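Here are a few short exercises to try with the model open beside you. Have a go at each task before you read its solution.

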Amino acid sequence: MLENIRLSFQGLWSHKMRSFLTMLGIIIGISAIIAIVSTIKGTNEQIKENLIGSGDSTVNVRLYQGDNTYEIDYYGVPDGVPVISEEVRKQVLDIPHVENAALYVSRATYNAVYYQNTPMSGGNVCGIDQNYLDTCHYIIKQGRGFTESDYKKFRKVAVLDENSAETLFQGIDPIGKTLEIQQEAFTVVGVITKSSKFEPVINSMEDYYTYAESSSGAVYVPDTTWPILYGYDEPQCLIVRVDSVDNMTTAGKEAANLLNSGFSVSDETLKYKADDLLKQAEDIQNFSKSTNNMLIWIAGISLLVGGIGVMNIMLVSVTERTQEIGLKKAIGARKNKILGQFLTEAAVLTSLGGLIGVIVGIILAEVISRVTSTPVAISVPASIMAVVFSMAIGIIFGLLPSYKAANLNPIDALRHE
């Protein structure tokens, strides 16, 4: 085998231009596939990150009425939906893959938050339990978080995220300042931030509306003070932190089922549902799947053309080396040795083309990324498969020439001119 490989490289080197032109179809096909697959993978990852966030494996479980979230501002507190108890939250923690869970209530601000004369025109006011900040991967940037005594003594204190702090205070240190929330005075005790930053890519108005609410910021208060601002016995939302993004859908559904088992309402459309962002990402990815597959098949045609080129050049090589083959057979070379030599030469030719194609494809993907700002992600399995596939093309299309060489009559081959 090693001798066949050495002879193959020797033959390629002695016909450099012809070998390169033969490999060109393989190089173009492989590089096109690598570039397309890398772009598709990068785009899919961007879609997933845009919806889920970079490494943020949290799932919101909220009360829905049919296909829409229940709007308590419009419909009031629903009958038959109990407040979620601490015992139920602990049962959620027993669901496989769930690392932590927290309860919260939320309202859009609707200009309900002021610092002096500066309003917070967007975002949310949230009443959170003691587990919320940890569940959502928040860390303290300034001041402090909520303490146990804040909850027990119903203290009117607030924590801001970075966006709301900037909107309301515009560079002034907010710690110790007094906010007006629903005409109630709350003291700012801390500013929080996510432990890992995530900047979504906004490519459309739909993307904008998806992130506008979160980018406007939020004001957090202890959930024990929530009745001071709004009302009693509001149905809470549940947020669950899962050990992996891939387990978000399963864990979210199980948590929703657990909450739904705890109440009975006359309106059957009123149910807790998990925000299945992973499924949304997959739906968007599947929407463009047919187009992506078509592009890969088009690129695959050039591989077929390259394979035909390999067959053609190997037939020429057999014709050129007829006397050499006759001499080898005359001194005792068997059919399988001749067959193996030419198959190895075809496989080496296409494998080398495949390797070059992978390198060109990676470079091409990076160029496309820089020119069009399209994200790319190099797929190592796709690169390995591309080289293996190119080798298979060499073997398949080199089979006929190799078989022809192996079956030459040694006497006729030696007489060939």
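**Exercise 1.** Which residues of S11 lie on one side and which on the other, and are they buried or exposed?

*Solution.* Keep in mind that this is a predicted model. Start with the general pattern: side chains in a regular strand alternate between the two faces of the sheet. Now sort the residues: Ala218, Tyr220 and Pro222 sit on one side of S11, with Val219 and Val221 on the other. Every one of these is buried, so both faces are covered, given that buried means under 20% relative accessible area. The count for the strand, residues 218-222, agrees: 5 of its 5 residues are buried.

**Exercise 2.** Find the strands that pair with S11, and say in which sense each one runs.

*Solution.* Take S6 (residues 124-128): it runs parallel to S11, joined by 5 bridges. To spot this pairing, look for Cys126, whose bridge partner in S11 is Tyr220. Next comes S8 (residues 157-161), which is antiparallel to S11 and pairs with it over 2 bridges. Here you can look for Leu160, standing opposite Val219.

**Exercise 3.** Why does Met17 count as exposed, and which surface patch does it belong to?

*Solution.* First find Met17 in helix H2, which spans residues 16-52. Its relative accessibility is 57%, and the cut-off for exposed is over 50%, so Met17 counts as exposed. Then look at its company: Met17 forms a nonpolar surface patch with Phe20, Leu21, Leu24 and Ile28. Together they have about 480 Å² of accessible area.

Methods. Residues numbered from 1 in each chain as written. Predicted model: local features only at pLDDT ≥ 70, side-chain atom pairs only at ≥ 80, totals over all residues. Heavy atoms only, no water. Patch = residues over 30% accessible without salt bridge, like charges linked within 9 Å, V, L, I, M, F, W, Y side chains within 5 Å. Areas by Shrake-Rupley, 256 points an atom, 1.4 Å probe, with all protein chains shown as cover. Salt bridge = Lys/Arg side-chain N within 4 Å of Asp/Glu carboxyl O. Helix = DSSP H or I, 4+ residues; strand = E, 2+ residues; numbered from the N terminus. Buried < 20%, exposed > 50% of the residue type's maximum accessible area, 1.4 Å probe, protein only. Pairing = 2+ DSSP bridges.
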